[in-house]
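Please look over the structure shown below, with its sequence, before reading on. The questions that follow start from one residue and work outwards to the whole protein.

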Amino acid sequence: MNAIITVVGSDKVGIIANVSTFLAEHKVNIEDITQTILSGNFVMMMMVNFDNADISIDELRLEMSKKAVEMGVEINIMNEKVFSSMHRV
């Protein structure tokens, strides 16, 4: 199963490291990633794969919401199929 993770907030050191380290610890594979800075705001979108993960998407949402508070950013996680359906032209 794939999911889309978005991270948005004020740019600061360690956002990518914190998110990617947590995913790696739970064997969630980052298949694609893009990030940019828009007017001082950090914006990142990742496509991740749960095939070998030791954490469910619901558990990941819970843990990432805690990390988001710690880092002062907003993190959203959505099943790729739901995301694709919502953004279909």
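Q: Leaving aside its neighbours within four places in sequence, which residues is Met 44 in contact with?
A: In this predicted model, Met 44 belongs to strand E3, which covers residues 41–49. Once neighbours within four places in sequence are set aside, the residues in contact with Met 44 are Ile 5, Thr 6, Val 7, Ile 16, Val 19, Ile 33, Thr 34 and Gln 35.

Q: Is Met 44 buried or exposed, and what is its relative accessible area?
A: A residue counts as buried when its relative accessible area is under 20%. Met 44 falls below that cut-off and is therefore buried, its relative accessible area being 1%.

Q: What distance separates the C-alpha atoms of Met 44 and Val 7?
A: Along the chain these two residues are 37 residues apart. Val 7 is nevertheless among the residues in contact with Met 44. The separation of the C-alpha atoms of Met 44 and Val 7 is 5.1 Å.

Q: Which element gives the most residues to the largest nonpolar core?
A: The largest nonpolar core has 22 residues, and Ile 5, Val 7, Val 19, Leu 60 and Ile 75 are those with the most contacts inside it. Two or more residues of this core come from each of strand E1 (2–10), helix H1 (15–25), E3, helix H2 (57–71) and strand E4 (73–79). With 5 residues, the element that gives the most to this core is H2.

Q: Leaving aside its neighbours within four places in sequence, which residues is Val 19 in contact with?
A: Val 19 is one of the residues with the most contacts inside the largest nonpolar core. With neighbours within four places in sequence left out, Val 19 is in contact with Val 7, Met 44, Met 46, Met 64, Met 71 and Ile 75.

Q: In what order do the 4 strands stand in the open sheet?
A: Strand E2 (residues 29–38) is joined to E3 by 9 bridges, and the two run antiparallel. E1 and E3 also run antiparallel and are joined by 9 bridges. The 4 strands form an open sheet with antiparallel pairing, in the order E2-E3-E1-E4.

Q: Why is one side of E2 and of E4 left without a neighbour in the sheet?
A: The strand order in this open sheet is E2-E3-E1-E4. E2 and E4 each have a single partner strand, so one side of each lacks a neighbour because both stand at the edges.

Q: Which residue in the turn of the hairpin formed by E2 and E3 has a positive phi?
A: Within the pairing of these strands, Ile 33 has Met 46 in E3 as its bridge partner. The hairpin has 2 residues between E2 and E3, and the residue in the turn with a positive phi, of about 50°, is Ser 39.

Q: At about what angle does H2 run to E4?
A: From the N terminus on, the elements run β-α-β-β-α-β-α, and the protein has 3 helices and 4 strands. H2 lies across E1 and E4, and its direction relative to E4 is at about 165°.

Q: How far apart in sequence are the parts that the salt bridge between Asp 54 and Lys 27 ties together?
A: The closest N and O atoms of Asp 54 and Lys 27 are 4.0 Å apart. Asp 54 lies in the loop between E3 and H2, whereas Lys 27 lies in the loop between H1 and E2, so the pair ties together parts separated in sequence by 27 residues.

Q: Which residue meets Arg 61 in a salt bridge?
A: The N to O distance of this salt bridge is 2.8 Å, and Arg 61 is partly exposed, with a relative accessible area of 33%. Its partner is exposed, with a relative accessible area of 54%. The two residues are about one helical turn apart because they are 3 residues apart in helix H2. The residue whose side chain meets that of Arg 61 is Asp 58.

Q: What is the distance between the closest N and O atoms of Lys 66 and Glu 63?
A: Both residues lie in helix H2, 3 residues apart, which is about one turn of the helix. Lys 66 counts as partly exposed at 43% relative accessibility, and Glu 63 is partly exposed with a relative accessible area of 27%. In the salt bridge between Lys 66 and Glu 63, the closest N and O atoms are separated by 3.3 Å.

Conventions
Residues are numbered from 1 along each chain as its sequence is written. This is a predicted model: local features need pLDDT of at least 70, side-chain atom pairs count only at pLDDT 80 or more; totals for chains, interfaces and linings use all residues. Side-chain values use heavy atoms; hydrogens and water are left out. Buried means under 20% relative accessible area, exposed over 50%, partly exposed in between (1.4 Å probe, protein chains only). Contact means heavy atoms within 4.5 Å. A nonpolar core is a set of buried Ala, Val, Leu, Ile, Met, Phe, Trp, Tyr and Cys residues joined through side-chain atoms within 4.5 Å. Two strands pair if DSSP finds at least two bridges between them. Axes are lines fitted to C-alpha atoms, for helices over the stretch in contact, and angles run from 0 to 180 degrees between N-to-C directions.
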